[in-house]
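Visitor: I am new to this structure and would like a close look at one part of it. Please begin with a single side-chain pairing, and then lead me outward from there to the surroundings.

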Amino acid sequence: MRCRYCYVKPGACTMQAETARAAVDLAMHGKERNIGLIFFGGEPLLCRDLISEVVDYSTVRARESGRSRVFYKITTNGLLLDDDFLEYSQAHDIFIALSIDGVAAAHDAHRIAAEGGPTHAQVSAAARRLLARRPYAPALMTVNPDTVGQYCESVEYLYALGFRYLICSLNYAADWDEKALRELKRQYLKLAEFYYAHTVAEDKFYLSPFEVKISSHVHNRSYHRERCELGQHQLSVAPDGGLFPCVQFVGDERYRIGDVFHGIDEEKRRHLFVKNETEKPGCDVCAIRKRCNHYCACLNKQATGSIDDVSATLCAHERIILPIADAVAARLYKNRSAMFIQKHYNDFYPLVSLAEDRTGK
């Protein structure tokens, strides 16, 4: 069963407690038994008091509404991630995702401190503290044209640091020229060898660019069926209480679909969903369209400013990654890699893997 997720975007503590409570109330009105609250930013750890208030309030509201629990998640840059919050997150079962871009050269190119200094050493230290308490925490890595040359090296660094869940995304809003795209292909070929070697060694890990594309072939799944479906199951809440279909849209009034005090404009929400589901010009004749990420409204908005258009960079990326992912999958299948077959052909693998980790078997 899907959760109803509500992205609470507090910004620099500009969201008032009244607004946050109204967001929780709105989430509780849904029919879904599972409710998820995700603290997003900006940097949400600037607003610890608000996070604490939301957790306390939602716990009470969940009990009143007959729900067993609320799922919490926070995405942080790690600069304020200390032992106190880690203890708090464990006590309240808050899932933490860390934004970290790999090696120092890649990370410090874009993630700099307010005074202009590097942050890599501090964030890496936070990563070690996080993984010591929460070994399943994911690393969220962003790849830019000027850092793409460190893509594979950065994945290897994060893996060595202890991350086993690596979510790697391109900055589609950046200027990806032909030289950067050629380097991206070279890096994916290197990453394919990394993926192959660790899978053959039966290491447990998740590397998003390969896992998602391989899964789309093995299970014959259309990419967009596994996403949020633009506002149907997830909503983002702006600091003023405005409701938007996903985090990328917050602040753009063209995509405002209500507010936490007056509810959802269902007609507008449905209109945006249908509009996004409509096939993009030129994509209807593309051989890889069912496995392509061009359905993602967030990425289209980030890259082109509109959900109606697909960026040339996204198109180029999909054409680069798909044959590389398919080739490494074919090698692993041909060699009957036990880990590969379990991961991609056994629907119960996540549960089996978790049981093995917890029992030490």
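Guide: The side chain of histidine 198 makes a polar contact with the side chain of aspartate 203, at 2.8 Å; a polar contact here is a pair of N or O atoms within 3.5 Å, where, within protein, one must be able to donate a hydrogen and the other to accept it, and where residues adjacent in sequence count only if both atoms are side-chain atoms. The model is a predicted one, in which local features need pLDDT of at least 70 and side-chain atom pairs count only at pLDDT 80 or more, while totals for chains, interfaces and linings use all residues. Residues are numbered from 1 along each chain as its sequence is written, and side-chain values use heavy atoms, with hydrogens and water left out.

Histidine 198 belongs to helix α7, where helices (H or I, at least four residues) and strands (E, at least two) are DSSP runs numbered from the N terminus. When its neighbours within four places in sequence are left aside, histidine 198 is in contact with Tyr159, Asp203 and Phe205, contact meaning heavy atoms within 4.5 Å.

Beyond this helix comes the loop between α7 and β7 (206-207), and glutamate 202 has its place there. Glutamate 202 has a positive phi of about 65° although it is not a glycine, whereas most residues other than glycine have a negative phi. With a relative accessible area of 48%, glutamate 202 is partly exposed; the term covers values between buried, which is under 20% relative accessible area, and exposed, which is over 50%, with a 1.4 Å probe and protein chains only.

Helix α7 spans residues 178-200 and, with nine residues, gives the most to the largest nonpolar core. Such a core is a set of buried Ala, Val, Leu, Ile, Met, Phe, Trp, Tyr and Cys residues joined through side-chain atoms within 4.5 Å. This one has 91 residues, of which Phe163, Tyr188, Leu207 and Phe210 touch the most other members. Leucine 207 itself, not counting residues up to four places away in sequence, touches Val155, Leu166, Cys168, Leu191, Phe194 and Tyr195.

The helix also has a packing partner: α7 and helix α11 (residues 312-334) pack at an angle of about 25°, with their axes 10 Å apart. Axes are lines fitted to C-alpha atoms, for helices over the stretch in contact, and angles run from 0 to 180 degrees between N-to-C directions. The two helices α7 and α11 are therefore roughly parallel to each other, since angles under 35 degrees count as roughly parallel, over 145 as roughly antiparallel, 65 to 115 as roughly perpendicular and the rest as oblique. Among the residues that make the contact are Leu181, Leu184, Tyr188 and Tyr195 of α7, together with Ile320, Ile321, Ile324 and Val328 of α11. The crossing of α7 and α11 is right-handed, a crossing being left-handed if the near helix is turned anticlockwise from the far one by less than a right angle, and right-handed if clockwise.

Another pair of helices can be set beside this one. Helix α8 (residues 208-218) and helix α12 (residues 338-345) pack at an angle of about 70°, with their axes 10 Å apart, and α8 and α12 are therefore roughly perpendicular to each other. Their crossing is right-handed, and Glu211, Ile214, Ser215 and Val218 in α8 meet Phe340, Lys343, His344 and Tyr345 in α12.

For another look at paired polar side chains, turn to aspartate 252, which is found in the loop between β9 (243-244) and β10 (258-259). At 16% relative accessibility, aspartate 252 counts as buried. Its side chain makes a polar contact of 2.7 Å with the side chain of arginine 254, and a polar contact of 3.3 Å joins the side chains of aspartate 252 and lysine 301.

Finally, the whole chain gives the setting for these parts: it holds 13 helices and 11 strands, and buried residues make up 51% of its 361 residues. Of the contacts in the chain with a separation of 6 or more, 70% are accounted for by residues 24 or more positions apart.
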